[in-house]
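Open the viewer and keep the selection tool at hand. We will go stop by stop.

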Amino acid sequence: MTVQRLHVTKRYSEVAISGDLVHLAGQLADDTSVDITAQTQQTLDLIDRLLAEAGTDKQHIMSVMIFLKDISLDYAAMNAVWDAWCADIQAPPRTCVEAKLYHADVLVEMTVVAVKP
């Protein structure tokens with residue numbers, strides 16, 4: 001089975017597709033100077049765009065891994081944005097953990113596995 005990769009750099013690919021399976025690398029906000037609400041929205045917007053490029057959408061997500069810099073501080077605000085994003089679908093399975101992220105300004109990162117319809 002072949003693997004198609006999108007947005008390939010020397011170090012990683014943003015998307016890997018094999019058959020009907022779609023994997024997104026860890027996605028984060030373009031502007032990490034903003035608060036958790038804006039970073040979460042930017043991250044989910046990027047996920048929507050990448051899933052569309054891969055031929056699928058959020059309705060077909062199999063799992064999401066959410067990494068928060070400070071879960072006690074940012075969990076509720078992240079969930080408010082997440083809940084609005086999931087309002088028109090059945091919420092996908094997810095895991096949310098606190099993690100030391102690659103840069104101090106990054107408050108949230110999400111990794112997604114989805115299928116093509």
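Begin with a pair of residues. Select V15 and L24: L24 in β3 is the bridge partner of V15. Keep in mind that this is a predicted model.

Now widen the selection to the two strands. Pick residues 13–18 for β2 and residues 21–27 for β3. They pair in the antiparallel sense, over four bridges.

Next, go to the turn. Two residues lie between the strands of this hairpin. Click G19: its phi is positive, near 60°.

Stay with β3 and look for another partner. Which strand pairs with β3 over five bridges? Select residues 108–115: this is β6, and its pairing with β3 is antiparallel too. To see one bridge, select Q27 and then M110, its partner in β6. While the strands are on screen, recall a general rule: in a regular strand, side chains alternate between the two faces of the sheet.

Zoom out and color by secondary structure. You should find two helices and six strands. Trace the chain from its start, and the order reads β-β-β-α-β-α-β-β.

Now take in the whole protein. The C-alpha trace spans about 45 × 35 × 20 Å along its principal axes. Is that in line with a compact globule or not? The radius of gyration is 14 Å, which agrees with the value near 13 Å for a compact globule of 117 residues.

Turn on the surface. The accessible area is about 6600 Å², and 53% of that belongs to carbon and sulfur atoms. Buried residues make up 39% of the 117.

Last stop: the charges. Select the 9 positive and the 16 negative ones; their mean positions are 9 Å apart.

Definitions and conventions. Residues are numbered from 1 along each chain as its sequence is written. This is a predicted model: local features need pLDDT of at least 70, side-chain atom pairs count only at pLDDT 80 or more; totals for chains, interfaces and linings use all residues. Side-chain values use heavy atoms; hydrogens and water are left out. Two strands pair if DSSP finds at least two bridges between them. The radius of gyration is taken over C-alpha atoms; the globule rule is 2.2 Å times the number of residues to the power 0.38. Buried means under 20% relative accessible area, exposed over 50%, partly exposed in between (1.4 Å probe, protein chains only). Accessible areas come from the Shrake-Rupley method with a 1.4 Å probe; for residues, only the protein chains shown count as cover. Lys and Arg count as positive and Asp and Glu as negative; His and the chain ends are not counted. The place of a charge is taken as NZ of Lys, CZ of Arg, CG of Asp or CD of Glu.
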